[in-house]
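Biologist: Please show me the model. I want to ask how its labels are earned.

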Amino acid sequence: MTGSSWIDATRPSAARIYDYMLGGAHNFEADRLAAAAMLERFPDAAQAGHANRDFLRRTVTCCCELGITQFLDLGSGIPTAGNVHGIARRLRPEARVAYVDIEAVAVTHSRDVLAGDPLVSITQADLRDPADVLAAPGVAELLDFTRPVAVLAIAALHYVSHDENLPEIVAACRTALAPGSAFGMSHGSDDLDDPVAAHHMRELAAVMAQSANPAYIRSRVELTQALSGLRLLEPGLVDIRRWRTSSELPDTAVYGALGIVE
Ligand SMILES: C[S@@+](CC[C@H](N)C(=O)[O-])C[C@H]1O[C@@H](n2cnc3c(N)ncnc32)[C@H](O)[C@@H]1O
C-alpha cells in the first residue's frame, strides 16, 4: 500500500509535526497546534527529536565504519540537517541511499532536495508492506541486496499499530538482507524507570492518536522480540541518549538499537 499523494493540511502528520519540532518550515497550522499540545504534555519532546537525529547520525556512522555503503531509510521524514546520505558520504563518498516515506510533503520535498543525485532515491511507500517497499524501483534499482545494506527505521516503527505484526515486518526486512547487513531502529516507550517520563510518553501518544499517523508505544520486551534474529551491537537496546555516547542529559523515552544480520 502506498501513501496518498494528496496533502491534507487540516490534519496533523507525524512528518510535519516532527519537522516543526526540529525547527523546519514544511508544516501547517494543524501541525503546529499538535506540536504545541505535545510540548504542553511532554516539554522535552523537541529535545527528544534532536536526540533522535543524533542517534540517527551515530547509527549511520557506525554502519559506515563497518564498511556498509548502502542504506534503506524507512520513514525518512522531511529532509533536514544531517540526512543519511550527507552523514554517510563524509566517510563513504560512494554511499547510496534509498529514502522511503508514506507522507506526501516528505516525499515531495525529498524529491526537490535530492534531484540530480543518481546515488539517492525517494519512494512513497508504506513500511508496513516490506515486500512492496523492497520491490519499488527506487529501492530495487538503486540498492544491491546481494551486498550489505543498512535498513534504518528511526522513529518510524511506532506508527505500526498493535494489531499489525511488528516482528514480522522487521523479519521480512532482515531475511531480504545479505550477511553483514544492519537493521537500526528507535521507538517510543513508556517502559521506563521514571514514571513522569512514562506518563509524558503516553500523553504524546494520546496527541498523535488524533493525527494522520497514530503512534503506538511498546515495552522493552516487545521491542526485543521485534529485533529477534539480529545480533545487537553494544550496548544493545537502550535509551537513544545512552547508545554510544557519553551524554549526561536525561533519558528520552525512546529506545534504540542497531543489529547485524549474520
Ligand atoms: C518522526 S518522523 C522520523 C523521521 C526520521 N526517520 C528521523 O528519525 O529523523 C517519522 C516518519 O515516519 C513516516 N511514517 C509513518 N508511518 C509510515 C509508514 N507506514 N510507512 C512509511 N513511513 C511512515 C512519517 O511520515 C514520518 O516522516
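Modeller: Start with what surrounds helix α9. Its buried residues pack against α1 (14-21), α2 (29-41), α3 (45-65), β5 (182-188) and β8 (254-260). Keep in mind that this is a predicted model.

Biologist: Which residues of α9 are the buried ones?

Modeller: They are A197, A198, H200, M201, L204, A205, V207 and M208. Many helices show spacings like these, so here is the general rule. An α-helix has 3.6 residues a turn, so residues three or four places apart point the same way.

Biologist: How do you know what span to expect of α9?

Modeller: Count 1.5 Å a residue. The helix covers residues 195-208, which is 14 residues. The expected span is 20 Å, and the span from first C-alpha to last is 20 Å as well.

Biologist: What makes the whole chain count as compact?

Modeller: Compare two values. The radius of gyration is 17 Å, and the globule rule gives 18 Å for 262 residues. The two are close, so the chain is as compact as a globular protein of that length. The chain holds 10 helices and 8 strands. Its C-alpha atoms fill a box of roughly 45 × 40 × 35 Å along the principal axes.

Biologist: How much of the chain is buried?

Modeller: Buried residues make up 53% of the 262 residues. The chain still exposes about 11400 Å², and carbon and sulfur atoms supply 53% of that area.

Biologist: What share of the contacts joins residues 24 or more positions apart?

Modeller: The share is 71%, taken among contacts with a separation of 6 or more.

Biologist: Where do the charges sit on average?

Modeller: There are 22 positive and 33 negative charges. Their mean positions are 5 Å apart.

Biologist: Why is α1 called mostly covered?

Modeller: Count its residues. Of the 8 in α1, 6 are buried. Those are A14, A15, R16, I17, D19 and M21. Their cover includes α2, α3, α5 (104-114) and α9. After α1 comes G23, with a positive phi near 90 degrees.

Biologist: Why is I260 called buried?

Modeller: The cut-off for buried is under 20% relative accessible area. I260 has 7%, so I260 is buried. This residue lies in strand β8. Beyond residues up to four places away in sequence, I260 touches L66, G180, S181, A182, L230, R231 and L233. Take L230 from that list: the two residues are 30 apart in sequence, yet their C-alpha atoms are 5.4 Å apart in space.

Biologist: Is I7 buried, exposed or in between, and what makes it so?

Modeller: Partly exposed lies between the 20% and 50% cut-offs. I7 has 36%, so I7 is partly exposed. I7 sits in the segment before α1. Leaving aside neighbours within four places in sequence, I7 is in contact with R16, F28, A104 and V105. I7 and G23 are 16 residues apart in sequence and 20 Å apart in space, C-alpha to C-alpha.

Biologist: What makes P118 count as exposed?

Modeller: Exposed means over 50%. P118 reaches 66% relative accessibility, so P118 passes that cut-off. P118 is in the loop between α5 and β3 (120-124). From P118 to L142 there are 24 residues in sequence and 8.6 Å in space, C-alpha to C-alpha.

Biologist: What is notable about the phi of R244 and of A253?

Modeller: Each has a positive phi in a residue other than glycine. Phi of R244 is near 55 degrees, and phi of A253 is near 75 degrees. R244 is in the loop between β7 and β8, and A253 lies in the loop between β7 and β8 too.

Biologist: How do you know whether R244 is buried or exposed?

Modeller: R244 has a relative accessible area of 42%, so R244 is partly exposed. A253 has 2%, which is under 20%, so A253 is buried.

Biologist: Which peptide bond is cis, and what is its omega?

Modeller: The bond joins E234 and P235, with omega about 10 degrees. P235 is placed in the loop between β6 (231-232) and β7 (238-239).

How values were computed. Residues numbered from 1 in each chain as written. Predicted model: local features only at pLDDT ≥ 70, side-chain atom pairs only at ≥ 80, totals over all residues. Heavy atoms only, no water. Helix = DSSP H or I, 4+ residues; strand = E, 2+ residues; numbered from the N terminus. Rg over C-alpha atoms; globule rule 2.2 N^0.38 Å. Buried < 20%, exposed > 50% of the residue type's maximum accessible area, 1.4 Å probe, protein only. Contact = heavy atoms within 4.5 Å. Areas by Shrake-Rupley, 256 points an atom, 1.4 Å probe, with all protein chains shown as cover. Lys, Arg positive; Asp, Glu negative; His and termini not counted. Charge placed at Lys NZ, Arg CZ, Asp CG, Glu CD. Expected span 1.5 Å × (residues − 1).
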